[in-house]
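Reader: Hello! Please take me closely through one part of this structure, namely how its pieces fit against each other, and give me the cut-offs as you go.

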Amino acid sequence: MARLNPDRLFPPDLEGRVIARDLYEEIRGLPIISPHGHTDPRWFAEDAPFPDPARLFVTPDHYVFRMLCSQGIPLASLGVPRADGGWTEADGRRIWRLFAANYHLFRGTPSRLWIDQALGDVFGVTQRLSADTADAIHDQVADCLSRPEYRPRALFERFNIETLATTEGALDDLRWHRMIRDSGWAGRVITTYRPDQVVDPDMPGFAEAVEQLGQLAGTDATTWTGYLDAHRRRRLWFKAQGATATDHGHPTARTENLPAAAAAALFDKALSGRCSPDEADAFRGQMLTEMARMSLEDGLVMQIHPGAARNHSAEVLAAFGRDKGFDIPTRTDYVRALRPLLDAVGMRSDLTVIVFTLDETAYSRELAPLAGVYPALRLGPAWWFFDSPEGMLRYRQTTTETAGFYNTVGFNDDTRAFCSIPARHDVARRVDCAFLAGLVTSGRLDGDEAREVARDLAYGLARQAYRL
Amino acid sequence: MARLNPDRLFPPDLEGRVIARDLYEEIRGLPIISPHGHTDPRWFAEDAPFPDPARLFVTPDHYVFRMLCSQGIPLASLGVPRADGGWTEADGRRIWRLFAANYHLFRGTPSRLWIDQALGDVFGVTQRLSADTADAIHDQVADCLSRPEYRPRALFERFNIETLATTEGALDDLRWHRMIRDSGWAGRVITTYRPDQVVDPDMPGFAEAVEQLGQLAGTDATTWTGYLDAHRRRRLWFKAQGATATDHGHPTARTENLPAAAAAALFDKALSGRCSPDEADAFRGQMLTEMARMSLEDGLVMQIHPGAARNHSAEVLAAFGRDKGFDIPTRTDYVRALRPLLDAVGMRSDLTVIVFTLDETAYSRELAPLAGVYPALRLGPAWWFFDSPEGMLRYRQTTTETAGFYNTVGFNDDTRAFCSIPARHDVARRVDCAFLAGLVTSGRLDGDEAREVARDLAYGLARQAYRL
Amino acid sequence: MARLNPDRLFPPDLEGRVIARDLYEEIRGLPIISPHGHTDPRWFAEDAPFPDPARLFVTPDHYVFRMLCSQGIPLASLGVPRADGGWTEADGRRIWRLFAANYHLFRGTPSRLWIDQALGDVFGVTQRLSADTADAIHDQVADCLSRPEYRPRALFERFNIETLATTEGALDDLRWHRMIRDSGWAGRVITTYRPDQVVDPDMPGFAEAVEQLGQLAGTDATTWTGYLDAHRRRRLWFKAQGATATDHGHPTARTENLPAAAAAALFDKALSGRCSPDEADAFRGQMLTEMARMSLEDGLVMQIHPGAARNHSAEVLAAFGRDKGFDIPTRTDYVRALRPLLDAVGMRSDLTVIVFTLDETAYSRELAPLAGVYPALRLGPAWWFFDSPEGMLRYRQTTTETAGFYNTVGFNDDTRAFCSIPARHDVARRVDCAFLAGLVTSGRLDGDEAREVARDLAYGLARQAYRL
């Protein structure tokens, strides 16, 4: 976009647009709460300048390189790091030019919105990215990046971020978080306990990881009770470093609540690498319920992110490794899957379990009805492929009538693209204001209520749900 | 809402709004046909005053107490009756205050619309419900309820209800319906034959219920042919008491058309309590086809309401019993499931089978294509969690293009909240007028046709489909 | 519609309507590319006049007769040809009157739009079809059909069709296509290689068909390698006759990539009629991957149309045969199903595999994510039941944000109703312009980009994807 439209994403009718504008004016200045994401804490620990534009906008952003890949542009020519040692483009300007020349592919996508806004608002770019403008914009961004006001901490402050959560594995030493705290810098960057690696028997090196967990926790994690105890201790240590939440990324939403002896036997089988695929899924499911019980003890908020078929292309996995844009959503059941966990702890109102989905059909059919009745359950925002204007609108249209607004938890950006954070929150705020304006113009909500809800969606709910 | 917006739920664009207004003006005064619901016939038999506001608006309405429960408000504090003998709040004013103080939870939900309109139109309330206004509104509603013009029959007449169908089990003695008819009151309150209890081998007391069915029907229902005959007789008796329809609430949409010997063997197994879960499902499925065949004989319209996972929380089931807001929709197949029934009787145009769904994905993929070709099949309106402005709009958007309007059957409120009936029909009429206005403004329908369709959706189709 | 609304299908808001109008003005005159459909090549070979109005609009159009059937009008009374030798109406005027008297059933359906526009634009009809106008419109259309300018070739030219693809079975002799080419007429009517009959072991006469394939190809098709070679040769022969694509209509999207020996063994089993249903499905799946590999050799574009449960009513199948409006969409998985094919050839950017769906839930969850990353994969337009204004709008809303526009392939009409082709393309163009206008008014796309995308969706993408 040459210039960002100040009314973007607002309703097309004048009455709705005016109301959406007013709502947005009330909340646009609210601080950003980013309670779930994947930025690198090292950035804020070291506060070193970001490298060149391509390494900021293209190489780390799977939304960007997957779209280019879909049109036959090799991942290697975009500088995506390889697992197989083959060639990958190292020249940032060449990568940038390739990206710019194909920027039309992003028409109609949220990446386009985020990148336009980041280039415009953060770097002052006023031209539309294209082959013609590639070099000029590259140089302008590169020039910015060399300046102190574009260092990570300065941007964090400029972005008005109140809290930013990163995500670390259970075995992580959290050195960067400690370095941030020791530095005396006032920015609040916290971690999240992500134990997939020590909870999923299908992960390579599971047994070793469990052993290491025990060492880090100072307990023998090779027995079922010791293993649970190691999690308990490790969670407390993460909490002491600032964490308020855990996160769990599983292939399905399956939960189990097995008798202790059966759970212990399954753990032994997992540790010895003899689990069938179904048993591995059962073990992961058992651990979700165990984690929920631990959350009742230590107060950490629990997040469940199920339903991605990871690394769909064997060829790309072999050449480039995991997380290279080849994760595809799958049909996900929640009604049967969550029942064991909900039967165990779902009626507890001192517990918060936030569930996300990659299967939009579950919004109205399963997740809103579940979150609309169980005190422990909250519905996470539109996630990943659905973290987009149309996706967020469908989310509100299909969840609000059954779950209301107050069983949802505000917005998460879930991103590793730091410069896109303000744009992502801005898109979410605008879409929510547009949705609320529609409720007002159609006589479903009063104006003063819409203003209150807008603030809650933009700020209050995330802060409350994540106990920040 | 302080005051109800007269244009509520109409399109935001001026042209569409004006057309919707005109369509609505044509139909707003049409009598209400309520061909499927769960009001209590005793109200109209005895015509006693309704008790206090909480017992009218909160305690019996699972939409209301499930939302409050989801935010940690115990069901017992809302006066929901217990199955386990524990304490439940008896003070209506305390329940009402709790409800009022949490009324913000309903923002954006259809409950909010229905309750605002019922309070406003039926009770003359002009303030928005909140902690501040709780007592004043309580007193205003309570005062109304003590007056003769707020008795059930008076409200029935004021609501302009032409026909109201309730739902009774096959073993019900229909005493209240007989009392209504004997009273000489002109209001038409009819029953519906709901045989789940004597059709579902998984229901507790199935064999006893079948035996009792036989006694009531004057035949030995413990043989397959006797059992079918008992249904035939019982249906005719319900019909003689006014019923024009049957209703079937099954976990799935499965139908079967087994050879008589196999069906008889399955019945024997069911009666002796030896059915596997799959056999029980097959038996229920067989009975749907049997009921369809009986409908060809006696002319009763058949309704199938499949797909709810009932009583999802074991804890709540134990404490409060069935139907306490913990019923959750599930993914439902219709294409394979309905085939046996449709192969048997689907091409008969003298049969009407109305199918509902809790799985919106089936609207465009399965139900509209099936209802758009089989003469016997009609599509029920948006149901339960989807009986809402957004839900009804999605229903029209996803079914009309394949099934048209004339394979649908108008609106049902399916409610036990009597005072919400006018509001529910009003919401449905407004949403349909808005949808039709959109067809007119986008050049897909002429204005005179839209007026005719609006009348059909509000009145004619329900009357015709339910043979009223 | 008495008169077609020139702004039909455009957005209701003035700003959006003006933009949509401008976009549409730019593209309304573009030639029609119809790269997938089922018109009869004999029409263009012989250029004989079309018969009466009923045989043009009613009898061959399953959208039309299925809707009439759903309201109890017997297929036989509509002149639908019978398989069982029973009576079928032969009087075109009687059929037409029955259709006209029930034209209200089509309110809100795309058939209504297509027929109104075909009657108006092609035949100059200015009245709305109804019982009252039936005879006058019949006579007007019949009169036109007797005139030279309503012969197939003249209409083809008047419709501004640049390329029209028909679909023929692998055993077809393509005589009509050869006759068209030999005639010297400049209209481009090409064929498409559709091998279902010689690929699906569940088709009656499979072994005989394979043998015949071998004879036509001049090779022994009864061995696995010979069979593959026969396909190769037959594909090349179709290509030599003008084909640029193949088409595959399977019950599921399953693909397989078996070792050669296992594939050969499965083929032997298929040929001897001993395949289980699952093995037949596996064989079809194997053949999709084989066809994809052959496409890499000969450059034919591959189309996969999965997910229809064909001939749902056994009664109608027996009386009227296949394809009589009783095909119903089913839930379809793509993520697991396409993986073997994609693992084999999905990263090849010199291959184009176009996938369609009858399960809209797969748009955002599976197909847009897959097409948005695999270079070989493209997403076909909204198909069949979803080839409608609402269906096409949902298609754009749920696929664009993840797959963009450039992983889609423009529009196909997929029709056998020749006179509806301009109307169908017009509806698609209008809906796309409306969608693009929404992106512009909401600040998501610049006006010059929208114009470029509009041309691509209307013309460029189909031409490029189908290599025309």
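Author: Happily! A turn of 120 degrees with a shift of 0.0 Å along the axis lays chain C on chain B with an RMSD of 0.0 Å (a least-squares superposition on C-alpha atoms of residues with pLDDT of at least 70 in both). That is how a three-fold axis relates copies. The model is predicted, so local features need pLDDT of at least 70 and side-chain atom pairs pLDDT 80 or more, while totals for chains, interfaces and linings use all residues. Residues are numbered from 1 along each chain as its sequence is written, chains are lettered from A and ligands numbered from 1 in written order, and side-chain values use heavy atoms, without hydrogens or water.

Now to chain A, which is divided into domain 1 (14-48 + 151-465) and domain 2 (52-149), with bounds from an automatic or database domain assignment. Their centres, taken over C-alpha atoms, are 28 Å apart. In contact (heavy atoms within 4.5 Å) are 29 residues of domain 1 of chain A and 26 of domain 2 of chain A. Together these domains bury about 2,300 Å², with 64% from carbon and sulfur atoms; this is accessible area (1.4 Å probe) lost on being put together, summed over both parts. F320(A), C419(A) and R424(A) supply 25% of what domain 1 of chain A buries there, more than any other three residues. Between the two domains of chain A there are zero salt bridges (a side-chain nitrogen of Lys or Arg within 4 Å of a carboxyl oxygen of Asp or Glu).

Key:
Buried area = accessible area lost by both parts, 1.4 Å probe.
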